[in-house]
Amino acid sequence: MVPQRPYAIDEMISAKAIAARVEALAKEITRAFRGTDKLIVVGLLRGSFVFIADLVREIDLPVEVDFLEASSYGNAMESSREVRILKDLRGEIAGRDVLVVEDIVDTGFTLHHVVNLLRSREPKRLEVCALLDKPSRREVPIKATWTGFEIPDEFVVGYGIDFAQRNRNLPYIGKVRFTEDGSVG
Ligand code: PRP
């Protein structure tokens, strides 16, 4: 789907600021899980693919990487509030240390659904690291263990996050601004 309205993108969080925060988060995660025989890092597709790639390279622990694909937005700007699991984990997590990696927590429906699903598989420990949090949008009470940045209620793209499947490849987090003149930033 191609966005129907023209828009520009204003930088909100630079690539440099993201890298510094990712390094600090990874240090905290390394400290918290020190002593684990193997940390299973679960990326929620598709939005977390850039974040998890950077984060795991900064985590100084034995790590296994797995992915789960959940979708509640499709190409819409509003959450459907119905979370669908499109791809499940390849591995077992029972009795394991698990870190869920999410790009953004908005209404909270996605994370709530995924955390409940994974907890039902009885991991030894389950924590969540989210790059972005929009607390003002929350409809389901849930919070990540670690959050990169709290942001206001803006439509954001980049660093893995899309607008109708575009802009995931921007190296920074940008804010979508709809324009009248048709220019695209
Ligand atoms: C986005 C984002 C989060 C979720 C957050 O996923 O990646 O997973 O929405 O929103 P919520 O807190 O309101 O549930 P989306 O369904 O757009 O799929 P994608 O990751 O494949 O882009």
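Two strands are said to pair if DSSP finds at least two bridges between them. With that definition in hand, the reader may turn to the structure above, which is a predicted model.

A convenient starting point is an open sheet of three strands, arranged in the order S1-S9-S8 with antiparallel pairing. Strand S1, residues 7-13, and strand S8, residues 156-157, are the edge strands, each of which pairs on one side only. Between S1 and strand S9, which covers residues 173-178, there are six bridges, and these two strands run antiparallel. One example is Asp-10, whose bridge partner in S9 is Lys-175. In general, the strands of a sheet pair through backbone hydrogen bonds, in either a parallel or an antiparallel manner.

Strand S9 also leads to the interior. Ile-173 is one of the residues with the most contacts inside the largest nonpolar core, which has 27 residues; Ile-29, Phe-51, Leu-55, Leu-99, Cys-129 and Leu-132 are the others named in this group. At least two residues of this core are supplied by each of helix H1 (15-32), strand S2 (39-45), helix H2 (49-58), strand S5 (97-105), strand S6 (125-133) and strand S7 (146-150). Helix H1 provides the largest share, five residues. A second, separate core has 20 residues, among them Ile-40, Ala-70, Ile-142 and Ala-144. In soluble globular proteins, nonpolar side chains tend to be buried together.

The surroundings of Ile-173 can be followed in detail. Apart from its neighbours within four places in sequence, Ile-173 is in contact with residues including Asp-10, Glu-11, Met-12 and Ile-13, as well as Val-156 and Val-157.

Two further residues in strands merit attention. Leu-39 is located in strand S2, and it counts as buried because its relative accessibility is 0%. Once neighbours within four places in sequence are set aside, the contacts of Leu-39 include Ile-29, Phe-33, Leu-61, Val-98 and Leu-99. By contrast with these contacts, the C-alpha atoms of Leu-39 and Ser-80 are separated by 32 Å, the two residues being 41 residues apart along the chain. Thr-147 belongs to strand S7. Since buried means under 20% relative accessible area, Thr-147 counts as buried at 17% relative accessibility. Beyond residues up to four places away in sequence, Thr-147 touches Arg-21, Leu-25, Ala-130, Leu-131, Leu-132 and Asp-133.

The ligand comes next. There are 18 residues around the ligand, and those that come nearest are Tyr-73, Glu-102, Asp-103, Thr-107 and Thr-110. Asp-103 places a polar side-chain atom 2.7 Å from an oxygen atom of the ligand, while a polar side-chain atom of Arg-168 lies 3.2 Å from a ligand oxygen atom. The backbone takes part as well: a polar backbone atom of Arg-46 is 2.9 Å from an oxygen atom of the ligand. Taken alone, the ligand exposes 500 Å², of which the protein buries 93%.

Arg-46 is also notable for its backbone geometry. The residue lies in the loop between S2 and H2, and a cis peptide bond, with omega of about 0°, joins Leu-45 to Arg-46.

The loop between S8 and S9 contains Gln-165 and Asn-167. Gln-165 has a positive phi of about 70° although it is not a glycine, and Asn-167, likewise a residue other than glycine, has a positive phi near 70°. How buried or exposed is each of them? Gln-165 is partly exposed, because its relative accessible area is 32%, whereas Asn-167 is buried, with a relative accessible area of 17%.

Definitions and conventions: Residues are numbered from 1 along each chain as its sequence is written. This is a predicted model: local features need pLDDT of at least 70, side-chain atom pairs count only at pLDDT 80 or more; totals for chains, interfaces and linings use all residues. Side-chain values use heavy atoms; hydrogens and water are left out. Helices (H or I, at least four residues) and strands (E, at least two) are DSSP runs, numbered from the N terminus. A nonpolar core is a set of buried Ala, Val, Leu, Ile, Met, Phe, Trp, Tyr and Cys residues joined through side-chain atoms within 4.5 Å. Buried means under 20% relative accessible area, exposed over 50%, partly exposed in between (1.4 Å probe, protein chains only). Contact means heavy atoms within 4.5 Å. A residue is near a molecule or strand if one of its heavy atoms lies within 4 Å of it. A polar contact is a pair of N or O atoms within 3.5 Å; within protein, one must be able to donate a hydrogen and the other to accept it, and residues adjacent in sequence count only if both atoms are side-chain atoms. Accessible areas come from the Shrake-Rupley method with a 1.4 Å probe; for residues, only the protein chains shown count as cover.
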